[in-house]
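Trainee: I keep meeting words like "buried" and "salt bridge". Could we go through them together on a real example?

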Amino acid sequence: MTTATAPFRFFALQVVRTRRLGPSLVRVTFGGDTRSGDTQRNSGLTDFAAGGRDQSLSLFLPLPGQSAPVVPVEQGDGWWAAWRALPEDVRAVMRSYTVREQRHDPAELDIDFALHPDGGPACRWAGGAVPGDRVLVLGPAVADNTAVRFRPPAGTDSVLIWADETSLPAAAAILEWLPAGTRARVWLSVPYAADRTELPTAADATVHWLAADEGALSAVEAVRAAELPGTAPYAWLAGEAGTVRELRRHLVRERRLDRGHVTFVGYWRRGLSEEQLREEAAKAP
């Protein structure tokens, strides 16, 4: 482990199994890659410490024809620059994903992938993943880490959640984490009614599924028409960046929610790849 990635480190994993959850989601279950002999990366999940909720990680995928993703972890603190310097037809694809669930007996990790007909390399990889496929993850070695963004402030008396199919796994994990009795209002935008799934929670949660194929209201229309619970709600908004921005504007400007009580994350933006989003964010003042 290097200081550059602490409390995050590299984990070499392999696909254990896959399961289709609906038209738009496939679950890929990973275990440790016992074939990895690289001392710079952990070949198991023993030290992986997902903090629950919306725990994110960086997933590195091999290019077609490669048996494992190419990431120069041997460069220590300089791995990022060395990875960026590799030819595009060599370096691994990197994407950000959420841990849906981590189990310890057996040691396994679930990641749910959104599938789209015109999806990018991660979508295509997940759609064809089979047991034994190898990946690399830059993930947490401590549970309380900066890649967990769902953090209700002190005094919060209720929760508002909006997610689309890309952030649905994080929303589901958050609902499982919420303490018993927590008042929660949840809106989930999905392409198809068949994408609905069971969402275990001890919270006092009302879940509204907004399925596009049923002509559902837009996220902003649905939230604007709703009465928010409690007097000090905390909002978590994640998914398509344009929708997230509209929802945040509505909550802060129209509902007068404290900006510090709204967590918003643009997982993707219509018409842009993750690389383009990352470059745009790097140029922002």
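Mentor: Happily; let's take a few labels one by one. This is a predicted model, where local features need pLDDT of at least 70, side-chain atom pairs count only at pLDDT 80 or more, and totals for chains, interfaces and linings use all residues. Residues are numbered from 1 along each chain as its sequence is written, and side-chain values use heavy atoms, leaving out hydrogens and water.

Trainee: Why is Thr182 called buried?

Mentor: Buried means under 20% relative accessible area, exposed over 50%, and partly exposed in between (1.4 Å probe, protein chains only). Thr182 has 18% relative accessibility, so it counts as buried.

Trainee: Which residues does Thr182 touch?

Mentor: Leaving aside residues up to four places away in sequence, Thr182 touches Val159, Ala203, Asp204 and Ala205. Contact here means heavy atoms within 4.5 Å.

Trainee: What makes Arg103 and Asp110 a salt bridge?

Mentor: The term asks for a side-chain nitrogen of Lys or Arg within 4 Å of a carboxyl oxygen of Asp or Glu. For Arg103 and Asp110, the closest N and O atoms are 2.7 Å apart, so the pair forms a salt bridge.

Trainee: Which residues are linked with these two in a network?

Mentor: Salt bridges link Arg17, Glu101, Arg103, Glu108 and Asp110 in a network. Arg103 also forms a salt bridge with Glu108, at 2.9 Å between the closest N and O atoms.

Trainee: Are Glu108 and Asp110 buried or exposed?

Mentor: Glu108 has a relative accessible area of 9%, so it is buried. Asp110, at 3%, is buried too.
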